[in-house]
Amino acid sequence: MTNFECPPECFSFRDPAGGAVRIGNGFFRRITAAGWEDWRKFNDSGLAKSLVADGLLLPFDKAEKQPSGDWLAPVETLDFISYSHEWAFGQFRDAALLTLELLLRALEYGMTLKDASSCNVQRHRGRTVFMDHGSFTVYHEGEVWAGYRQFVAHFLGPLLLMAWGDRRHQLQLRNFPDGLPLDYVAGALPRRSLFSLQALVHIYGHAWFQHRLQDTADLRAPEIRPLPRKRFQTLLLSLRDFLSGLKSPSESGEWSDYYDHTSYSEASFLDKQRIVRELCRELALRRVVDLGANTGVFSRIAAETAGVVIAADVDFPAVDRLYGQLQNMGGGERIFPLQQDLCCPSPGLGVLNRERLPFLERARADLALGLALVHHLAIGCNWPLELVGALFAELAPAAVVEFVPKSDTQVKRLLRTRPDIFPEYGRDGLLAAFGRYYRRVRVFPIAGSEREIFLFDERIA
């Protein structure tokens, strides 16, 4: 057994030129001696200033030299970190397009990107931004892009599988945090992909070349022809146009049309919104996690007063719809949509399980919303109500929970193909379960409905 304590910068250790470090409540870009010349070129050329001004790069301040010999540059703090296996399709595609755009812009300044990890991209203030300032390095005429394989594994391959195959391939990025293997992508794509020049070149041809390298006993570096800058730019523009045309999978989700088939009237739905809005205003919250957010009706209400809203739902199309709405409305800078199965939330991944933190750790907030959720967990997924209470208590010191009785059509929908083995599921059972974790409860009936909203607070330590 080891006593090694995982340092806060363990999520950023792979690049000898530097990484991200946390000092107190602030984050900094660390630049080592190995990365200083690239950093100076990045700043002196005007590239960094241009990218920040256009909202493509996370803002940062001047680097200051430290006694250790490294340099530290303060960077703007991100409100929430998410990972590509949790993203909406649109966010995934936007992250890929941003990576290509930055590479094209870098070439104009005599620089390139040394890698193309999806971890370099996050959502910040309603925009897709690049956060790995240390990825920029000097470009040499004719060199092949070092991040090409990574771009295909992290972006192009997964996007093709999602758009042309099964959206659930995205979840395999949990198992392959360094990107989907090319032979996996080539084997999983449908046959119609063989008629796509982009798939033939970047997936099938690339997978064949990689397989050939692995099979040979020759340890010499493969001979790769120089790629002139103009041809490189043309290749990137072609990829950008192709990815821009990829569409989100069109299938309807199980719950993406939930609000079109509710069990209560429009007046009841409006009253439910009123209750949630008044509670959010009263509590004056900085951070909210909306569990089972669906298409984000109540996430947007919470965002009227909260600084950050994490909108999580198991349904891919619902998350896609929310992300698309936020982009089309030009707002939503406080809302972070992501796909999340509460029965199997994102675990800690990577080295020591700390490179990518668990969802339940990243999503801790001042308030946990659970509207039209408890019956899905308790009846749809066989959770004891006590575990439902434990989930909310794990995430926040206060919880706003909607209780849906067995007489409701949505609960009947869950029970129509199975026996009712849930005798504890009821109003009293919910109060007893959450009472193990919270000292106080307030009840708000929804007008014209049998449903009620409960506010639980004063979490028991």
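# Reading the terms in a predicted model

User: Where is Ser84 found?

Analyst: Ser84 sits in the loop between strand S4 (71-75) and helix H3 (89-108). Helices (H or I, at least four residues) and strands (E, at least two) are DSSP runs, numbered from the N terminus. Before we go on: this is a predicted model, where local features need pLDDT of at least 70, side-chain atom pairs count only at pLDDT 80 or more, and totals for chains, interfaces and linings use all residues. Residues are numbered from 1 along each chain as its sequence is written, and side-chain values use heavy atoms, with hydrogens and water left out.

User: Why is Ser84 called buried?

Analyst: Buried means under 20% relative accessible area, exposed means over 50%, and partly exposed is in between (1.4 Å probe, protein chains only). Ser84 has 4% relative accessibility, so Ser84 counts as buried.

User: What does Ser84 touch, not counting residues up to four places away in sequence?

Analyst: The list is Phe92, Ser118, Gln170 and Leu173, leaving out residues up to four places away in sequence. A contact means heavy atoms within 4.5 Å.

User: How do you know whether Leu236 is buried or exposed?

Analyst: Use the accessibility value again: Leu236 is at 1%, so Leu236 counts as buried. Leu236 lies in helix H7 (residues 229-244). Beyond residues up to four places away in sequence, Leu236 touches Leu100, Leu103, Leu104, Leu107 and Trp145.

User: What makes a set of residues a nonpolar core?

Analyst: The members are buried Ala, Val, Leu, Ile, Met, Phe, Trp, Tyr and Cys residues joined through side-chain atoms within 4.5 Å. The largest such core here has 64 residues, and those touching the most other members are Phe42, Phe136, Phe151, Leu156, Leu160 and Leu243. H3 supplies the largest share of this core, 12 residues. A second, separate core of 42 residues includes Ile310, Leu342, Trp383 and Phe456.

User: How do you know that S14 and S15 are paired?

Analyst: Two strands pair if DSSP finds at least two bridges between them. S14 and S15 run antiparallel and are joined by 7 bridges, so by that rule they pair. One bridge partner of this kind is Arg459 in S15, opposite Tyr438. The hairpin of S14 and S15 has 6 residues between the strands, and there Gly448 takes a positive phi near 70 degrees.

User: What makes S11 and S14 edge strands?

Analyst: Look at the open sheet of 7 strands, with mixed pairing and the order S11-S10-S9-S12-S13-S15-S14. Strand S11 (335-339) and strand S14 (438-445) each pair on one side only, and they are the edge strands. S15, in contrast, also has 5 bridges to S13 (residues 399-403), running antiparallel. There, Glu402 stands opposite Ile453 in S15.

User: At what angle does helix H8 run to S15?

Analyst: H8 (residues 266-283) runs at about 15 degrees to S15, lying across S12 (367-370), S13, S14 and S15. Axes are lines fitted to C-alpha atoms, for helices over the stretch in contact, and angles run from 0 to 180 degrees between N-to-C directions.

User: How do you know how the radius of gyration of the protein chain relates to that of a compact globule?

Analyst: The radius of gyration is taken over C-alpha atoms, and the globule rule is 2.2 Å times the number of residues to the power 0.38. For 461 residues that gives a value near 23 Å; the protein chain has 24 Å, so the two agree. Buried residues make up 52% of the 461 residues.
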